[in-house]
Amino acid sequence: MTVSTPLTATNLFKPITVGNVQLGHRVVHAPTSRKRSTKDNYPTDFMIDYYKSRSRTPSSLIIFESCLIAEETGLIPHKCGLWNDKHNLALKKIVDEIHAKECYVGVQIMGNGRVSNFPLMKNKNLPVLAPSANYPSEASQKAAEEAKWPVQELTVEQIHKAQDAFVNAAVKSLNVAGFDFVELHGSSGFLIEQFLSPLSNKRTDEYGGSVANRSRFLLEIVDKFINHPDIGSAKTALRIAPWYSINGMDYPEENPPENGLAYQFSEYILKELEKRKNEGHEIAYVSIVEPRVSGNAEVELTGSKTNNEIIKNWSGKLVRSGGYATNYDDVRATKSNNIVKDDNGEVVQYASLIEDVNNDDRTLIGFSRAFTSNPDLIDRLKNNWKLEYYDRSTFYTQTGEGYLTFKDRDGTPITKFSDEELKVQGSPLV
């Protein structure tokens with residue numbers, strides 16, 4: 001197996017400015033939700049060691065996992081909340097450790113909408129609100145019926161309150177927890193994409209119908225962020241995924257692919273962000289997911305799916321994520337649809353990464369699954385060391401196993417917790 005070009009000779013290890021901060025390289029820890037928070041939405045002590053070990057290279061950018069903006073916009077267990085100071089002071093303990101390593105950290109924020117936990121919402125006497133009163137799946141509808149707690153359509157007044165909840169969470173995450181960036185989660189079938197997608201948004205008012213109307217919810221939030229004195233464009237970011245099929249967003253295959261529904265609203269949003277950039281309101285970055293993955297899983301590429309055309313609509317900083325890590329020490333990795341072979345049949349490692357990061361001078365590369373099993377990922381990329389393969393079975397469990405049990409290449413542990421302590425859930429940071 002070969003590497004056509006050492007990664008240290010590519011743009012990947014060149015400095016770049018994002019927002020108002022100077023990064024030392026272009027490897028990004030993409031938001032990687034692992035459900036190690038408590039059932040009632042507080043981070044745990046396990047998470048301190050996880051993020052400390054991934055922020056050892058100074059001037060790195062860490063994007064913290066997705067966090068809930070408010071109870072009213074939807075709850076699920078084991079995901080951090082942001083709606084009050086107590087949540088944010090707990091998160092500050094993690095943020096402070098990352099900053100102590102001279103790294104920067106953003107937080108991805110989201111509402112759940114129709115993919116909320118129905119029994120939990122009912123127990124709190126909170127309605128499950130979404131753009132329209134429909135469900136992502138038959139199983140979801142059955143859960144709602146069993147709980148006798150159906151999805152309700154947001155009124156315009158409730159829409160504005162939800163937008164304000166995004167602003168409130170952003171301000172608290174910046175001012176109280178100390179995050180450097182706030183990334184709006186515009187994919188994965190959560191509340192923002194529920195507005196964007198005609199699969200979930202059946203409204204006939206100003207927030208439904210056309211692509212422009214369906215994008216209004218998100219773009220009004222972006223404008224609120226840009227114009228807020230405690231946020232501003234330089235601390236605002238957005239993630240989109242033109243090819244995801246998750247949480248009920250099962251988009252039909254289109255030929256050509258750019259006729260796809262998610263592609264169309266993603267393209268519109270990028271054009272709108274470009275307009276704001278040209279008016280002096282450039283957001284920090286846009287994060288876009290490659291078609292090689294959907295959620296945490298790889299997908300079989302069909303047709304000519306690519307982000308290469310859509311990203312031309314946005315000239316600002318770009319974080320591209322999805323399947324870029326290939327140099328694993330496990331035969332399973334050779335089944336990836338991102339494997340490239342030379343004329344002799346030899347695997348050329350990181351071929352897509354090198355091509356995309358060198359294509360311009362504004363692209364960063366996000367890694368998610370590779371970071372779960374390689375706490376020293378940046379060092380491994382620098383030195384072309386083999387990557388340890390990830391353990392999908394531990395992605396969304398609550399113990400420390402598969403979370404803090406992976407070690408550095410030389411066998412150095414990344415945590416002070418014993419093997420016995422890692423068999424249970426961590427303690428809340430409150």
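## Strand 9 and its partners

V107 has V182 as its bridge partner in strand 9. This pair belongs to the parallel pairing of strand 6 (residues 104–110) with strand 9, which runs over four bridges. Strand 9 also pairs with strand 10, again in the parallel sense and over four bridges. Here L184 is matched with L238 in strand 10. The model is a predicted one, and strand 9 (residues 181–185) is where confidence in the chain is highest, at a mean of 99.

Strand 9 is mostly covered, with five of its five residues buried. F181, E183 and H185 point one way from the strand, while V182 and L184 point the other way.

## The barrel

Strands 4-5-6-9-10-11-14-17 form, in that order, a closed barrel of eight strands with parallel pairing. On average, neighbouring strands of this sheet are turned by 30° against each other, direction ignored. Strand 4 and strand 5 pair in the parallel sense over two bridges, and V28 has L61 of strand 5 as its bridge partner.

Helix 1 packs on the sheet and touches strand 4 and strand 5. The direction of helix 1 makes about 150° with that of strand 5. Elsewhere, helix 8 (residues 261–278) lies across strand 10 (236–240) and strand 11 (285–289). Helix 8 runs at about 160° to strand 10.

## Helix 1

Helix 1 (residues 45–54) is mostly covered, and nine of its ten residues are buried. The buried residues are D45, F46, M47, I48, D49, Y50, Y51, S53 and R54. Charged residues are thus listed here beside aromatic ones, among them D45, D49 and R54.

The elements that cover these buried residues include strand 4 (27–29) and strand 5 (61–68). Helix 2 (85–100) and helix 10 (369–373) are also among them.

## Nonpolar cores

In soluble globular proteins, nonpolar side chains tend to be buried together. The largest nonpolar core in this model has 96 residues. Those with the most contacts inside this core are F64, I109, F166, L184, F217, F225 and F367. Helix 5 (residues 156–177) gives the most to the core, with ten residues. A second, separate core has 16 residues, including I76, M121, L126 and F190.

What does F225 contact, leaving aside its neighbours within four places in sequence? The partners of F225 are I109, F166, V167, A170, V182, L184, I231, G232 and T236. Two of these partners, V182 and L184, are the residues that point the other way from F181, E183 and H185 in strand 9.

## T326 in a loop

T326 sits in the loop between strand 14 (318–321) and strand 15 (340–341). Is T326 buried or exposed? T326 counts as buried because its relative accessible area is 5%, and the cut-off for buried is under 20%. The side chains of T326 and Q349 are joined by a polar contact of 2.7 Å.

## Confidence

The mean pLDDT of the chain is 94, and 96% of the residues reach 70 or more. Confidence is lowest in strand 1 (residues 2–3), at a mean of 52. Where pLDDT is low, the predicted coordinates should not be read in detail.

Methods. Residues are numbered from 1 along each chain as its sequence is written. This is a predicted model: local features need pLDDT of at least 70, side-chain atom pairs count only at pLDDT 80 or more; totals for chains, interfaces and linings use all residues. Side-chain values use heavy atoms; hydrogens and water are left out. A nonpolar core is a set of buried Ala, Val, Leu, Ile, Met, Phe, Trp, Tyr and Cys residues joined through side-chain atoms within 4.5 Å. Buried means under 20% relative accessible area, exposed over 50%, partly exposed in between (1.4 Å probe, protein chains only). Contact means heavy atoms within 4.5 Å. pLDDT is the predictor's confidence in each residue, from 0 to 100. Two strands pair if DSSP finds at least two bridges between them. Axes are lines fitted to C-alpha atoms, for helices over the stretch in contact, and angles run from 0 to 180 degrees between N-to-C directions. A polar contact is a pair of N or O atoms within 3.5 Å; within protein, one must be able to donate a hydrogen and the other to accept it, and residues adjacent in sequence count only if both atoms are side-chain atoms.
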